[in-house]
Amino acid sequence: MSKQPFKIEFYRDAKGAEPCRRWITKDLSQIQRQAVVAALRRVLAYQGISVCGSSFGRHIPGYKGLFEFRLNKDADEILGQLDPSKVSRKSSKSERILIRILCHAYGDKIVLLPGGYDKSRDTSKKRQQKEIKIAAKRLADFKRRA
């Protein structure tokens with residue numbers, strides 16, 4: 001596989017915490033985490049902001065510079081497309097993945113990840129707007145400290 005054209009970075013606050021990385025590693029199930037990591041490496045790292053022209057992404061209206069990386073399939077389907085070695089062979093039931101990762105492209109092909117959430121836990125617009133506002137605040141902090 002050729003070199004990934006985009007570098008993926010996690011937003012880091014002034015104290016060094018990386019909330020999006022922590023969410024992926026601590027809050028997601030193992031199968032969700034595998035699907036997210038595979039998608040970040042095999043889709044976002046290659047397409048960057050161009051994911052917005054596909055089912056994997058969209059620009060966030062009203063929030064300049066933020067876009068959403070979207071996973072909305074069952075885990076076996078995602079992993080089968082992106083990393084066949086990770087497909088679950090233990091169960092005929094595959095976990096539904098409904099994940100949103102908020103992103104910002106900047107610099108020399110870098111994608112910053114200021115936030116994300118598991119939309120399957122709460123599909124409300126209120127939750128979506130809350131997560132977008134959190135990511136926008138983190139992005140503003142990132143830009144202020146850059």
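Tyr106 is partly exposed in this predicted model, because its relative accessible area of 24% lies above the under 20% that counts as buried. Its ring has a partner: Tyr106 and Phe142 form an edge-to-face aromatic pair, with 5.1 Å from centre to centre and 65° between the planes. Follow the chain from one ring to the other and you travel 36 residues, from strand β4 to helix α4 (residues 125–145), so this pair links distant parts of the chain. Phe142, for its part, counts as buried at 18% relative accessibility.

Phe142 also leads us to a nonpolar core. This one is a second, separate core of nine residues, and its members include Tyr11, Ile132 and Ala135 as well as Phe142.

Now turn to the largest nonpolar core, which has 27 residues. Within this core, Leu44, Phe69, Leu71, Ile101 and Leu113 touch the most other members. Which elements give two or more residues to it? They are α1 (19–27), α2 (30–47), β3 (67–74), α3 (75–82), β4 (96–106) and β5 (110–118). Helix α2 provides the largest share, seven residues. For a closer look, pick Ile101: leaving aside residues up to four places away in sequence, Ile101 touches Cys20, Trp23, Val36, Leu40, Phe67, Glu68, Phe69, Leu113, Gly115 and Gly116.

Phe69, one of the residues that Ile101 touches, brings us back to aromatic rings. The structure holds two aromatic pairs, and Phe69 belongs to one of them together with Phe56. These two rings are stacked, 5.9 Å centre to centre with 20° between the planes. Phe56 sits in the loop between α2 and β2 (57–59), whereas Phe69 is in strand β3, so the pair ties together parts that are 13 residues apart in sequence. Both rings' residues count as buried: Phe56 at 15% relative accessibility and Phe69 at 1%.

Let us finish with the largest pocket, which holds about 250 Å³ of space. Its lining is made up of Gln4, Phe6, Lys7, Ile8, Phe10, Arg21, Ile24, Thr25, Val37, Leu40, Arg41 and Ala45. Strand β1 (7–10) and helices α1 and α2 each give two or more residues to this lining, and α2 contributes the largest share, four residues. Two of these lining residues are worth a second glance. Leu40 lines the pocket and is also touched by Ile101. Phe6, another lining residue, has the charged end of Lys109 sitting over its ring, 5.4 Å from the ring centre.

Notes
Residues numbered from 1 in each chain as written. Predicted model: local features only at pLDDT ≥ 70, side-chain atom pairs only at ≥ 80, totals over all residues. Heavy atoms only, no water. Core = buried A, V, L, I, M, F, W, Y, C linked by side-chain atoms within 4.5 Å. Buried < 20%, exposed > 50% of the residue type's maximum accessible area, 1.4 Å probe, protein only. Contact = heavy atoms within 4.5 Å. Phe/Tyr/Trp six-rings, centres within 6.5 Å; stacked < 30°, edge-to-face > 60°. Lys NZ or Arg CZ within 6 Å of the ring centre and 35° of its normal. 1 Å grid on protein atoms, 1.4 Å probe; cavity = no way out; pocket = protein on both sides within 12 Å on 5 of 7 lines; lining within 4 Å. Points joined across faces, edges and corners; volume = space filled by probe spheres on them.
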